[in-house]
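Trainee: I would like to go through this structure with you, one question at a time. Where should we begin?

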Amino acid sequence: MGEDAIVAVARDLVVSPADSPLRVAIVGAGPAGVYAAEALAEQDAVPVAVDIIDRLPTPFGLVRYGIAPDHLKMRGLRATLQRTLDHPRVRFFGNVEVGVDLPLALLRAHVDAVIYTYGAADAGRLGIDGEELPGSLTALDLVSWYCGHPDADRATVEEALSHARSVVVIGVGNVALDVARVLARAPEELQLTEMPQHVLDALADAPVEQVTVIGRRGPALASFTTQELRELGRLQSAVVLVDPHDLEPLGAAEEQAAAESAVARNLAALRGWVEHEPSPGAVRLSLRFRWRPVRLLGPDRVRALELERTAAGADGRAVDTGELEVLPADLVVRSVGYRGTSLPGLPVDERTQTVTHTAGRVLRDGRPSTGEYVAGWIKRGPSGVVGTNKHDAKETVASLLEDVAAGALAPCRQPEDLLTVLTRQGLHPVLLENWGAIDAAEEALGATHGRDRTTLHDRNTLLAAARLAAANREDG
Ligand code: NAP
């Protein structure tokens, strides 16, 4: 439902007294959560008080920990999201894990509605032999690390990178291209990013010579987008290599896809690289299609990846051919999508790895559960660009407002403030002003290297920066 429709629904609402707003908690401060807060805060028919809760001390989810740090313009979206955090109807409670620090039932008892927007934070699995060998990482491991996520496993990633002469990235989505691009970039190209200094140092020291990106189907069925694909051709010291035999559409599904203009643009970009030759000193960035991973070969750590040639099935699926190849690899990055997980007290559908819903209303035992809503990747799966979450969150908020209009959802008359509940639980939430102090500390750290900011990656450092705001307030 669009913005106009939301307003139309909201106009029909029975307005609750201004002194008892509808109290909505949003679980997850990523783009979907902040967009849901924005849709709630910027309508006038129903007075609302919105609390956005995140398990991390910092807001913005994938805008901070997913968008590649070299995509500076896209990361600038944080300024738009910040405006919603600053809205007088919105509060931020970071460093609170719902379902762990704060039982879901306790949260639900103190607010009128909950919107789950906690994303899909698990990496997809291949389910093949050797997947767990040292030198085999998920894209999530690597992306979390280079974005400075406090839960990143620094030691494992940095050990793997120190061996990474020949890298294979499995999957041909935008995350795979992000990873390939970051690994193939010259150190100078990353200097002005927000990456923590240890990340810049480890990337500069990594001995990367070859990055091979592997798709199990033909390029017409790859899920990367044209802008991200073309960007590979603009890297300072990498040369993109493509086998022309891979590019001809095979089978009905590929031919049909190739007729779409976005896919045709992808194929044109790929064709532009078929004449390329390796060049001395440049990273070879190969894009290979119609190979599926069979197993990772060790024995002690990843040494190679066994692949099987695939043919195009009529339905577009990759069909085995029995033709095998062993590709040497020191680092394998598995970039095969993300999985949603359940939150204690909130089951996800095992098959779809999303919360079952109808137009954003959470279903329990097949029926809408009063006061429970869902938006973002945990609602629809890990797809779309950041902006997709805006439409998605609006649909959910429209359902919530419709439920108020229908009398199915109403403010509780004597609520206890959520901050009081959190404090009684012994929790120390990071509030908006504390987040402001973290933000300022990151800008100050960045300025020491002539950068706009540098991400603080360590949870204790983040919390220490946050506490500084509280200490300054008490002193003042
Ligand atoms: P994705 O687009 O779903 O790509 C997953 C890739 O993994 C596909 O190529 C898929 O191939 C492959 N794959 C899955 N299972 C496999 C298996 N068993 N063996 C081999 N390959 C396998 O997911 P993503 O790249 O993680 O991206 C998630 C979302 O974030 C997407 O919507 C993406 O566009 C978005 N994103 C956007 C940007 C941007 O706008 N710059 C950046 C990053 C991410 P099949 O197609 O054959 O299944």
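Mentor: We begin with a cut-off: a residue is buried under 20% relative accessible area, exposed over 50%, and partly exposed in between. Keep in mind that this is a predicted model.

Trainee: By that cut-off, is Ala359 buried, exposed or partly exposed?

Mentor: Ala359 lies in the loop between β16 and β17 (361–364). Its relative accessibility is 27%. Buried means under 20% and exposed means over 50%, so at 27% Ala359 counts as partly exposed.

Trainee: What is the sign of phi at Ala359, and what is its value?

Mentor: Most residues other than glycine have a negative phi. Ala359 is not a glycine, yet its phi is positive, at about 45°.

Trainee: Which residue in the loop between β15 (338–339) and β16 (357–358) has a positive phi although it is not a glycine?

Mentor: The phi in question is about 55°, and the residue is not a glycine. The residue placed in that loop is Gln353.

Trainee: Where is the cis peptide bond that involves Pro299?

Mentor: Most peptide bonds are trans. Pro299 lies in the loop between β11 (291–297) and β12. Omega is about 20° for the cis bond, which joins Pro299 to Gly298.

Trainee: Turning to the ligand, which residues come nearest?

Mentor: The ligand has 23 residues around it. By class, this shell holds 11 nonpolar, 8 polar and 4 charged residues. Those that come nearest are Arg216, Arg217, Ser223, Glu228 and Gly384.

Trainee: Which domains supply at least three residues each to the shell?

Mentor: The shell draws on two domains at that level. They are domain 1 (3–121 + 340–430) and domain 2 (124–337).

Trainee: How much of the ligand's area does the protein bury?

Mentor: Start with the polar atoms. A polar side-chain atom of Arg216 lies 2.7 Å from a ligand oxygen, and a backbone N or O atom of Val172 lies 2.9 Å from an oxygen of the ligand. An N or O atom in the side chain of Glu228 is 2.9 Å from a ligand nitrogen. Taken alone the ligand exposes 920 Å², and the share buried by the protein is 79%.

Trainee: Which helix gives the most residues to the shell, and how many of its own residues are buried?

Mentor: The helix giving the most is α9 (residues 174–184), with 3 residues in the shell. Its buried residues include Asp178 and Arg181. The helix is mostly covered, and the buried count for α9 is 9 of 11.

Trainee: How many salt bridges are there?

Mentor: The rule asks for a side-chain nitrogen of Lys or Arg within 4 Å of a carboxyl oxygen of Asp or Glu. By this rule the count is 39.

Trainee: How many residues apart are Asp246 and Arg309, which meet in a salt bridge?

Mentor: The N to O distance in this bridge is 3.6 Å. Asp246 sits in the loop between β9 (238–242) and α13 (251–258), and Arg309 in strand β12 (residues 304–312). Asp246 counts as buried because its relative accessible area is 3%. The pair links distant parts of the chain, with a separation of 63 residues.

Trainee: Are Asp439 and Arg453 buried or exposed?

Mentor: These two form a salt bridge, the closest N and O atoms being 2.6 Å apart. Asp439 belongs to helix α18 (residues 432–447), while Arg453 is in the loop between α18 and α19 (459–475). Both are buried.

Trainee: And Arg303 and Asp300: buried, partly exposed or exposed?

Mentor: Their side chains meet in a salt bridge of 2.6 Å, N to O. Relative accessibility is 44% for Arg303 and 47% for Asp300. Neither value is under 20% or over 50%, so Arg303 and Asp300 both count as partly exposed.

Trainee: What does the side chain of Asp51 contact?

Mentor: Asp51 is in strand β2 (residues 48–53). At 6% relative accessibility, Asp51 counts as buried. A polar contact of 2.7 Å joins its side chain to that of Arg91.

Conventions
Residues are numbered from 1 along each chain as its sequence is written. This is a predicted model: local features need pLDDT of at least 70, side-chain atom pairs count only at pLDDT 80 or more; totals for chains, interfaces and linings use all residues. Side-chain values use heavy atoms; hydrogens and water are left out. A residue is near a molecule or strand if one of its heavy atoms lies within 4 Å of it. A polar contact is a pair of N or O atoms within 3.5 Å; within protein, one must be able to donate a hydrogen and the other to accept it, and residues adjacent in sequence count only if both atoms are side-chain atoms. Accessible areas come from the Shrake-Rupley method with a 1.4 Å probe; for residues, only the protein chains shown count as cover. Helices (H or I, at least four residues) and strands (E, at least two) are DSSP runs, numbered from the N terminus. Ala, Val, Leu, Ile, Met, Phe, Trp, Tyr, Cys and Pro count as nonpolar, Asp, Glu, Lys and Arg as charged, and the others, Gly among them, as polar. Domain bounds come from an automatic or database domain assignment. Buried means under 20% relative accessible area, exposed over 50%, partly exposed in between (1.4 Å probe, protein chains only).
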